[in-house]
Amino acid sequence: MSDSFPGMFEKAAEVLRRNDMGGWTRAAPDLYPHQWSWDSAFISIGLARLDTRRAASELTTLLDGQWTTGKVPHIVFNPEAPPGSYLLGPEHWASASLSKNAVGTPRPTSALCQPPVHAIAALHIFEVSRGTVDEDEALSFLSNIYGRLLRWHRYLATARDPEGSGLVTIYHPWESGTDNSPRWDVALSNVRVGEMPPYARPDLEFVDEPSERPTAAEYDRFLWLVDLLKRARYDEVKVYGSHPFLVKDVLFSAILVAANEALLEVARLVKASDKDRELIGGWIDLGHRGLDACYDENLGLCLDHDLRSGEPLRVRTIAGFAPLISGSAGPRRRELLRLLYSRAFASHDGFRWQLPPSTSPEEARFHPRAYWRGPVWPVISWLFWRSLKLAGEDERAADLRRASLEQLATGGFAEYFEPFTGEPLGSDDQSWSAAVAIDWLTDEA
Ligand code: 9WN
């Protein structure tokens, strides 16, 4: 265990224990009282260091909510959460009554999805158990979960990429996991909001200032997009034909490539068929090509594409470094790293730590406190750290890990951090922040 951050491991483990709902973990104590998809994947990465069996159940309880199409819903609801504690509860989504593809039991789900970190997490759980008494059990966990992960990735490769571009289409900024990023501003501005009943904002009760959360105009659009998906009864083909927000998301797509690399290794470990392995290998190649096609020479970044307007979404955010996450950067890797560590990103004057901000501080739409518009997210730092390590950039990876741990030691396990002051923002005791701290602390040992 790391000696440099005394007591931190225990504190992080305590956060996960307090947020443990018995087999699954709420994303945060008040602001997010349910099980979120990519949160759970990160949480299981941290849990693996505490208890591999419990880490495995984090993923399997989430996958119990998987739709028959293979989609893994972005929220699996907590039946015990007080009614109205989160704006869009299960009754609003009405997933099982609107779609025959949704599972209604044991816990209802939302109808969107989030970036597929799950195969990375499943492989991690196995790797942590390697050489211990739990190894056989972890291998049988992998064998059991493999089919579900394959179906999930197949859903993304087909329903979410009918063009065969290697890039995933999202229907809502919530699917990106970077909800309020300026990445979505232009595409959202083309969404005309229709009649909607008035609604309350429980999320604003759990943060210090409204500026830490999306604005009313943004929330109207978020809710309107959900209304439209409901009207289409969550039918993918109908949505693809009529939905006003259809965007190729490069960060989601890059995480899928990294997850497919992990899935390929899982396929090898569980002795899956050659056919399966070829299929996964094909998805990886296509993903690399898709990301390569989104590279913008002028900005030196990868750009999301709005399928409705046919235009790239030109704004400098963390998503632009997608090829680093997927390992698709090839000869551009050095350039991307130079930009990541330039004043336009992690080495901006006055930043407390050299960590990647969600939006470039040189963008007009940068805001150091606003949701996904500037602050630093520890889980995003973890994704970069993992990619740096895989690419053999050991020194940079070590620096990033240390800076992140200092940030968490100073501000606690907050949801996100102001990049200049290091002030913790959003929710306290966010599960995934505690989980990546645990992984970082154990990694040094
Ligand atoms: C909507 C739970 C989730 C994260 C997302 C983050 C935020 C939800 C919200 O919280 O999104 O899904 O209500 O703002 O943006 O990445 O998974 O932690």
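Which residues surround the ligand, and which of them are the closest? In this predicted model, 16 residues surround the ligand, and the closest are Trp-36, Asp-39, Tyr-86, Gly-177 and Asp-179. Taken by chemical class, the shell around the ligand divides into nine nonpolar, four polar and three charged residues.

Polar side-chain atoms can be followed one residue at a time. Tyr-86, already named among the closest residues, has an N or O atom in its side chain that is 2.5 Å from an oxygen atom of the ligand. A polar side-chain atom of Gln-114 lies 3.0 Å from a ligand oxygen atom, and for Tyr-32 the corresponding separation, again between a polar side-chain atom and an oxygen atom of the ligand, is 3.5 Å. Taken alone, the ligand exposes 410 Å², of which the protein buries 100%. The space that the ligand takes is, moreover, the largest cavity.

A second point of reference is Leu-188, whose place is in helix α9, a helix made up of residues 185-189. Is Leu-188 buried or exposed? Its relative accessible area is 8%, and because buried means under 20%, Leu-188 counts as buried. To place this residue within the wider model, one can compare its position with that of Asp-394: Leu-188 and Asp-394 are 206 residues apart in sequence, and their C-alpha atoms are 39 Å apart in space.

Conventions: Residues are numbered from 1 along each chain as its sequence is written. This is a predicted model: local features need pLDDT of at least 70, side-chain atom pairs count only at pLDDT 80 or more; totals for chains, interfaces and linings use all residues. Side-chain values use heavy atoms; hydrogens and water are left out. A residue is near a molecule or strand if one of its heavy atoms lies within 4 Å of it. A polar contact is a pair of N or O atoms within 3.5 Å; within protein, one must be able to donate a hydrogen and the other to accept it, and residues adjacent in sequence count only if both atoms are side-chain atoms. Accessible areas come from the Shrake-Rupley method with a 1.4 Å probe; for residues, only the protein chains shown count as cover. On a 1 Å grid over the protein atoms alone, a cavity is a set of points where a 1.4 Å probe fits but cannot get out, and a pocket is an open set with protein on both sides within 12 Å along at least five of seven lines; lining residues have an atom within 4 Å of a point. A molecule sits in a cavity or pocket if more than half of its atoms lie within 2 Å of its grid points. Ala, Val, Leu, Ile, Met, Phe, Trp, Tyr, Cys and Pro count as nonpolar, Asp, Glu, Lys and Arg as charged, and the others, Gly among them, as polar. Helices (H or I, at least four residues) and strands (E, at least two) are DSSP runs, numbered from the N terminus. Buried means under 20% relative accessible area, exposed over 50%, partly exposed in between (1.4 Å probe, protein chains only).
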